[in-house]
Amino acid sequence: MTQTRVPPSAPAPVLAIDGPSGSGKGTISQLLAQRLGWHYLDSGALYRLVALAALQHGVALDDAAGLGALAAGLDARFSSDPAQPDKVYLEGVEVSAALRSEQCSNNASRVAALPEVRAALLQRQRAFRKAPGLVADGRDMGTVIFPDAALKIFLTATPEERACRRYKQLKDKGLDAKMNDLVKDIAERDARDSARAAAPLKPAPDAVALDTTGMSIEAVVERIQALLRKK
Ligand code: C5P
């Protein structure tokens, strides 16, 4: 008797977009996901949600085991409406604005340094990979979460430009921001994200580095789409 082997179907393609805060990752990844009709993973939001949940449940930011447990049981939901990719719910309550505060950004980078938290969020991130494809935005998408991504981009921009973008973003959302504080916060966060032992911020060896300083969003998106077409 001959057996017919059914070839395993190829996993959905991933476009991994990594880089430091303010490099334009979020805006560019969301636009690309919309244009390609692909799913979108905002992995930073998961670390922000853990930080917010810790604050709400009184878990200390140095309690690695407590934070790991919180991350493992995180009751989070992302909007499936492509027109509102930023809408996020924690335990049923919309927390989109609270997630973007500077306090939450700083606390997120602290909890993200803990291997317990990263391990607890690993499968949750991989579960976003579905047909027809996924645009994954973060710090370790190409290095740890999706090492087989079809295309890996590492976005950068000068620290000054990144602080300016963050300032504008926060002001547009009606949030309070001071330029000097932002420059300092961004430098501190970059240092912590790059120096940590667990999944530090660094380009994958096969990533394409793109410096977006002075580039329009449209130009960056077009460049990435052109790279993707060549794959
Ligand atoms: O990208 P975003 O600024 O929302 O990320 C918030 C924080 O979460 C980052 O400063 C970083 O410390 C952490 N992060 C991470 N790994 C990711 C995404 C975000 O460590 N893949």
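Two residues are said to be in contact when heavy atoms of the two lie within 4.5 Å. With that in hand, the predicted model can be explored from the inside outwards. Val-50 makes a good starting point: leaving out residues up to four places away in sequence, Val-50 touches Leu-67, Leu-70, Ala-71, Leu-74, Val-111, Val-117 and Leu-121. Val-50 also belongs to the largest nonpolar core, a group of 36 residues. Within this core, Val-50 is among the residues that touch the most other members, together with Leu-49, Leu-67, Leu-99, Val-117 and Phe-146. Several elements give two or more residues to this core, namely strand S1 (14-18), H2, helix H3 (64-72), strand S4 (88-90), H5, helix H6 (115-126), strand S6 (134-138) and helix H7 (141-145). The element that gives the most is H2, with nine residues. A second, separate core also appears; it holds 17 residues, including Ile-17, Val-135, Ile-224 and Leu-228.

Helix H2 deserves a walk along its length. H2 runs through residues 43-57 and has 15 residues. From its first C-alpha to its last, H2 reaches 21 Å, close to the 21 Å expected at 1.5 Å a residue. How much of this helix is buried? Of its 15 residues, 11 are buried, so H2 is largely enclosed by the rest of the structure. The buried residues are Ser-43, Ala-45, Leu-46, Tyr-47, Arg-48, Leu-49, Val-50, Ala-51, Leu-52, Ala-53 and Ala-54. After H2 comes Gly-58, which has a positive phi, near 65°. Helix H3 has buried residues too: Ala-64, Gly-66, Leu-67, Gly-68, Leu-70 and Ala-71. These buried residues of H3 pack against H2, H5 and H6.

One of the buried residues of H2, Arg-48, also leads to the ligand. There are 17 residues around the ligand, and those that come nearest are Arg-48, Arg-118, Asp-140, Asp-193 and Arg-196. A polar side-chain atom of Arg-48 lies 2.6 Å from an oxygen atom of the ligand. For Lys-25, a polar side-chain atom is found 3.3 Å from a ligand oxygen atom. An N or O atom in the side chain of Arg-189 likewise lies 3.3 Å from an oxygen atom of the ligand. Taken alone, the ligand exposes 450 Å², and the protein buries 97% of that.

Three further helices each offer a buried residue to look at. Ser-29 sits in helix H1 (residues 25-36). With a relative accessible area of 0%, Ser-29 is under the 20% limit and so counts as buried. Beyond residues up to four places away in sequence, Ser-29 touches Ile-17, Tyr-40, Val-135 and Asp-137. Two of these names, Ile-17 and Val-135, are familiar from the second core.

Glu-102 is part of helix H5 (residues 102-111). Is Glu-102 buried or exposed? Its relative accessible area is 16%, so Glu-102 is buried. Setting aside neighbours within four places in sequence, Glu-102 is in contact with Arg-166, Leu-170, Leu-182 and Asp-185.

Leu-228, another member of the second core, lies in helix H10 (residues 217-229). Leu-228 is buried, at 14% relative accessible area. Apart from neighbours within four places in sequence, its contacts are Leu-15, Leu-36, Trp-38 and Leu-151. Leu-228 and Ala-150 are 78 residues apart in sequence, yet 8.0 Å apart in space from C-alpha to C-alpha.

Finally, the backbone holds some less usual spots. Most residues other than glycine have a negative phi, and most peptide bonds are trans. Against that background, which peptide bond is cis? The bond from Ala-131 to Pro-132 is cis, with omega near 5°, and Pro-132 is placed in the loop between H6 and S6. Glu-91 has a positive phi, near 50°. Glu-91 belongs to the loop between S4 and strand S5 (93-94), and is partly exposed, with a relative accessible area of 37%. Ala-199 also has a positive phi, near 45°, and is found in the loop between helix H9 (179-195) and strand S8 (208-211). Ala-199 counts as buried, at 15% relative accessibility.

How values were computed. Residues numbered from 1 in each chain as written. Predicted model: local features only at pLDDT ≥ 70, side-chain atom pairs only at ≥ 80, totals over all residues. Heavy atoms only, no water. Helix = DSSP H or I, 4+ residues; strand = E, 2+ residues; numbered from the N terminus. Expected span 1.5 Å × (residues − 1). Buried < 20%, exposed > 50% of the residue type's maximum accessible area, 1.4 Å probe, protein only. Near = heavy atom within 4 Å. Polar contact = N/O pair within 3.5 Å; in protein donor to acceptor, adjacent residues only side chain to side chain. Areas by Shrake-Rupley, 256 points an atom, 1.4 Å probe, with all protein chains shown as cover. Core = buried A, V, L, I, M, F, W, Y, C linked by side-chain atoms within 4.5 Å.
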